Amino acid sequence: MKKIFTALLLLGGTYLGASAQDVQLNKGWKFAVGDSAQWSSPTFNDQSWQNIDVAHSWEPQGHPNYDGFGWYRIHVVIPSSLKEKAYLKDSLRLSLASVDDNDEVYLNGKLIAKYGGHSGNIKDGHYGPRTYSIPASDPAILWD
């Protein structure tokens, strides 16, 4: 089965890390099937979206046999202490664990990463773990 999803992160990933510091984000995720550019907006209201456990695929969570786009969203505060206490203060790392097919990652409405660093398009399958680094000075990061 080929499944494609677009990850939307208002502020997050499976965890955000700077140096040895982590902000765990294993709870609080929202999910919707389909695709809309409006869903990348930080002001989009996702209250009606399904709560989802990102440790499991969407099929057993109410979407069996769905073969299409899905968006994940999470709201979290990124503490400036991550940057202040980090040995290297130059970037923020997003680890998305394993992605099934492909991804696009948005932070506060800005596309910050996609496809696991591979070329191609969202429909090309690039399975596996994702780790993206974002410059700490990137205006998409709203510290605190």
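**Figure 1. Pro129 in strand β10.** Pro129 is placed in strand β10, which spans residues 128-135. In this predicted model, the residue has a relative accessible area of 67% and is therefore classed as exposed. Beyond its neighbours within four places in sequence, Pro129 is in contact with Ala97, Ser98 and Val99. One of these contacts, Val99, is separated from Pro129 by 30 residues in sequence, yet the C-alpha atoms of Pro129 and Val99 are 5.9 Å apart in space.

**Figure 2. Ala97, a contact of Pro129 with a positive phi.** Ala97 belongs to strand β7 and is among the residues that Pro129 contacts. Although Ala97 is a residue other than glycine, its phi is positive, near 60°. With a relative accessible area of 43%, Ala97 counts as partly exposed.

**Figure 3. His126 in the loop before strand β10.** The loop between β9 (110-114) and β10 contains His126. The relative accessibility of His126 is 17%, so this histidine counts as buried. Its side chain reaches the backbone oxygen of Ser119 at a distance of 3.3 Å. When residues up to four places away in sequence are not counted, His126 touches Val99, Asp101, Asn102, Tyr115, His118 and Ser119. Val99 thus appears in two views, being a contact of His126 and also a contact of Pro129.

**Figure 4. Asn65 in the loop between β5 and β6.** Asn65 is located in the loop that joins β5 and β6. Its phi is positive, at about 65°, although Asn65 is not a glycine. The relative accessibility of Asn65 is 70%, and the residue therefore counts as exposed.

**Figure 5. Aromatic pairs centred on Tyr72.** The count for the model comes to 10 aromatic pairs. One of them is formed by Trp29 and Tyr72, whose rings are arranged edge-to-face, with 6.5 Å from centre to centre and 80° between the planes. This pair links distant parts of the chain: Trp29 lies in the loop between β3 (21-24) and β4 (30-33), Tyr72 lies in strand β6 (residues 70-73), and the two are 43 residues apart. Trp29 and Tyr72 are both buried. Tyr72 also forms an aromatic pair with Trp58, and this arrangement is stacked, at 6.4 Å centre to centre with 20° between the planes. Here too distant parts of the chain are linked, as Trp58 is in the loop between β5 (50-51) and β6, 14 residues from Tyr72 in strand β6. The relative accessible area is 1% for Trp58, which is therefore buried. For Tyr72 the corresponding value is 10%, so that residue is buried as well.

**Figure 6. The aromatic cluster.** Trp29, Phe31, Trp58, Tyr66 and Tyr72 form one aromatic cluster. The cluster includes both partners of the edge-to-face pair of Trp29 and Tyr72. It also includes both partners of the stacked pair of Trp58 and Tyr72.

**Figure 7. The nonpolar cores.** In soluble globular proteins, nonpolar side chains tend to be buried together. In this structure, the largest nonpolar core has 22 residues, and those with the most contacts inside it are Leu25, Trp29, Ile52, Tyr72, Val105 and Ile141. At least two residues of this core are supplied by each of β7 (91-99), β8 (104-107) and β10. The largest share, four residues, comes from β7. A second core, separate from this one, consists of five residues, including Ala32, Trp39, Trp49 and Tyr106.

**Figure 8. Arg73 over the ring of Trp49.** Arg73 lies over the face of Trp49, at 5.7 Å from the ring centre. Trp49 is one of the residues of the second nonpolar core.

**Figure 9. The overall fold as a setting for the close-up views.** The protein has 10 strands and one helix. Along the sequence, these elements follow the pattern β-β-β-β-β-β-α-β-β-β-β. The protein comprises 144 residues, of which 47% count as buried. Among contacts with a separation of 6 or more, 71% are accounted for by residues 24 or more positions apart. The accessible surface of the protein comes to about 7400 Å², and 52% of this surface belongs to carbon and sulfur atoms.

Notes
Residues numbered from 1 in each chain as written. Heavy atoms only, no water. Phe/Tyr/Trp six-rings, centres within 6.5 Å; stacked < 30°, edge-to-face > 60°. Buried < 20%, exposed > 50% of the residue type's maximum accessible area, 1.4 Å probe, protein only. Lys NZ or Arg CZ within 6 Å of the ring centre and 35° of its normal. Contact = heavy atoms within 4.5 Å. Areas by Shrake-Rupley, 256 points an atom, 1.4 Å probe, with all protein chains shown as cover. Polar contact = N/O pair within 3.5 Å; in protein donor to acceptor, adjacent residues only side chain to side chain. Core = buried A, V, L, I, M, F, W, Y, C linked by side-chain atoms within 4.5 Å.
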